[in-house]
Each structure stands twice: as structure tokens, then as C-alpha cells.
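Let's take a walk through this structure together, one stop at a time. Keep the view open while you read.

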Amino acid sequence: MISVLFADDHEMVRIGVSAYLSAQPDIEVIAEADGGQAAVDLALEHRPDIILMDLVMDEMDGIEATKQITEQWPEAKVIIVTSFLDDEKVYPALEAGATSYMLKTSKADEIAKAIRSTYEGQSILEPEVTGKIMTKMRTPNPAYLHEQLTEREKEVLLLMAEGKSNQEISEQLFIAMKTVKVHVSNILGKLEVSDRTQAVIYAFKHDLVK
């Protein structure tokens, strides 16, 4: 079972989404939070596999809550689920440590799919979010950190940008899972980023993804 903490200040949203998720055979909503501080407290208490995080909440917004959670628990996997697609929301949320970014216009089954994919190690970004990242962050290409990457590491990075999990990368490149993990670790180190999401953002920013 994939354990989930759902943080949203709208009770009806929590009831509806939690009911749908709890009906899934592999997902269990173990706690709900109606504000940012409650989300932080419950996340650190229960250590769920996935945290669904709204952005605009009382006491503390989702960005600050995500930041506090990931600072104290770096392995946390936070999926932002929000109505906002503004630059001042998207980039700070990803920089705070969010793994995936979904819109509330997504269907319930799409959120369930995002939970499973994020749990497996993928980063899920709505097409609108990916488009904003590509539009805003692509830059000309003098010398960058990615020039340190080996050809194999570049292949792995491109597959990460496609949302592939370590298992899928292993199967596609015919290399061991342990080798994939080493490549991912090397990529994060060479690009000076802390997680897969930031590595993918770097790839878009520096025009490595066509």
C-alpha cells in the first residue's frame, strides 16, 4: 500500500479525493491536514510515502510547508495539487523540494497515477508546467555544468526528463539498476542539484531536451 497524506484547506476537496484514493487497491490515505502547519506536523509524524500538498492554505502555505518538510526529511515525496500555474507558485514550489506538480483540473485517476509514478521515483509535471519551464528557463549555451556529464549520463538524464523511473531506465539501456543509481547520483553531483526534479529542470533550462 502507498500511504498518502493529503493537505488541503477545503474540506469537500479532501473528502472527495480521499474517498477516491482510498477506494484504490494500492493507495491508503492515512492522514489529512487542513493547513500548512498541520501538514508539516503530520508528515514528520507519519512519514507517508506521498504527500499531496495544496499551495494556498491557512497558517502556512504549501510552499513553506514543503520546504520545512523536505529540510527535515529530505526523502519526502511531495506532489503539489493546486489551481495555480503562476510563475511565483510553480518555481518556488519546485525549489522548495516538491517532486511533482499537478493541477486540480486533473481527473482523479490522473492524480492516482501521479501518486504511483512519484512513488516509483518519477517526477510528474503537468504539460502546462513543463511548457512554462521550457519557455522561461531555456537559455543560450556557453559552458555549463552538464559538459562534465559522460555520454551515458546524458542518456540517463534525457530519460529522467521523459519521466522514466530507474527501473525503466535500466530496462531501456540494458544496464543494472545499481548502475542506474550510480549514474543518477553522478548526474545530481555534477549538476549541483539535490534531486531528480531539479536535474530535469536543469535539462530544460539548458536546452538538453528537444
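**A walk through the model**

Start at K107, which sits in the loop between β5 (100-103) and α5 (108-119). Keep in mind as you look around that this is a predicted model. Is K107 buried or exposed? With a relative accessibility of 57%, K107 counts as exposed, because the bar for that word is anything over 50%. Now look for R152, which is 45 residues away from K107 in sequence. In space, the two are 36 Å apart, going from C-alpha to C-alpha.

Let's step back and look at the overall layout. The chain is split into domain 1, covering 2-138, and domain 2, covering 145-206. Going by C-alpha atoms, the centres of domain 1 and domain 2 are 23 Å apart.

So what goes on between the two? Here 14 residues of domain 1 are in contact with 11 residues of domain 2. About 1,100 Å² is buried between domain 1 and domain 2, and carbon and sulfur atoms give 59% of that area. How many salt bridges cross the interface of domain 1 and domain 2? The rule finds 0 there. There are polar contacts, though: 4 residue pairs between domain 1 and domain 2, with both partners at pLDDT 80 or more.

Which helices supply the side of domain 1 that touches domain 2? Both α4 (87-96) and α6 (127-137) give at least two residues each. The largest share comes from α6, with 4 residues. Sorted by class, that side of domain 1 is made of 5 nonpolar, 6 polar and 3 charged residues.

Next, some charged pairs. Side chains of opposite charge can pair when their charged atoms come close. Across the whole structure, the search turns up 7 salt bridges. One of them joins D8 and K104, whose closest N and O atoms are 2.8 Å apart. D8 is in the loop between β1 (2-7) and α1 (11-22), while K104 is in the loop between β5 and α5, so this pair ties together parts that lie 96 residues apart in sequence. You met that second loop at the start, since K107 is found in the loop between β5 and α5 too. The two partners differ in how much surface they show: D8 counts as buried at 1% relative accessibility, whereas K104, at 29%, counts as partly exposed.

Move over to helix α7 (residues 151-161), where R152 and E155 both lie. These two form a salt bridge, with 3.1 Å between the closest N and O atoms. They are 3 residues apart, about one turn of the helix. Why does that spacing matter? An α-helix has 3.6 residues a turn, so residues three or four places apart point the same way. Both partners count as partly exposed, R152 at 31% relative accessibility and E155 at 37%.

Helix α7 has another charged residue to find: E153 forms a salt bridge with K190, the closest N and O atoms being 2.9 Å apart. This pair links distant parts of the chain, with K190 in helix α9 (residues 177-191) and E153 in helix α7, 37 residues apart. K190 counts as partly exposed at 23% relative accessibility, and E153 counts as buried at 3%. Salt bridges can also share partners, and in this way D8, D54 and K104 are joined into one network.

Now go to N166, in helix α8 (residues 166-173). N166 has a relative accessible area of 16%, so it is buried. What does N166 touch, leaving out residues up to four places away in sequence? The list is M177, V180, K181, V184 and R196.

That last name, R196, leads to the final stop, helix α10 (residues 196-205). Of its 10 residues, 9 are buried, so α10 is largely enclosed by the rest of the structure. Among the buried ones are R196, Q198, V200, Y202 and F204. D195 caps the N-terminal end of α10, with a side-chain oxygen 3.2 Å from the backbone nitrogen of T197. After α10 comes D207, which has a positive phi, near 60 degrees.

Terms used. Residues numbered from 1 in each chain as written. Predicted model: local features only at pLDDT ≥ 70, side-chain atom pairs only at ≥ 80, totals over all residues. Heavy atoms only, no water. Domains from an automatic or database assignment. Contact = heavy atoms within 4.5 Å. Buried area = accessible area lost by both parts, 1.4 Å probe. Salt bridge = Lys/Arg side-chain N within 4 Å of Asp/Glu carboxyl O. Polar contact = N/O pair within 3.5 Å; in protein donor to acceptor, adjacent residues only side chain to side chain. Nonpolar A, V, L, I, M, F, W, Y, C, P; charged D, E, K, R; others polar. Buried < 20%, exposed > 50% of the residue type's maximum accessible area, 1.4 Å probe, protein only.
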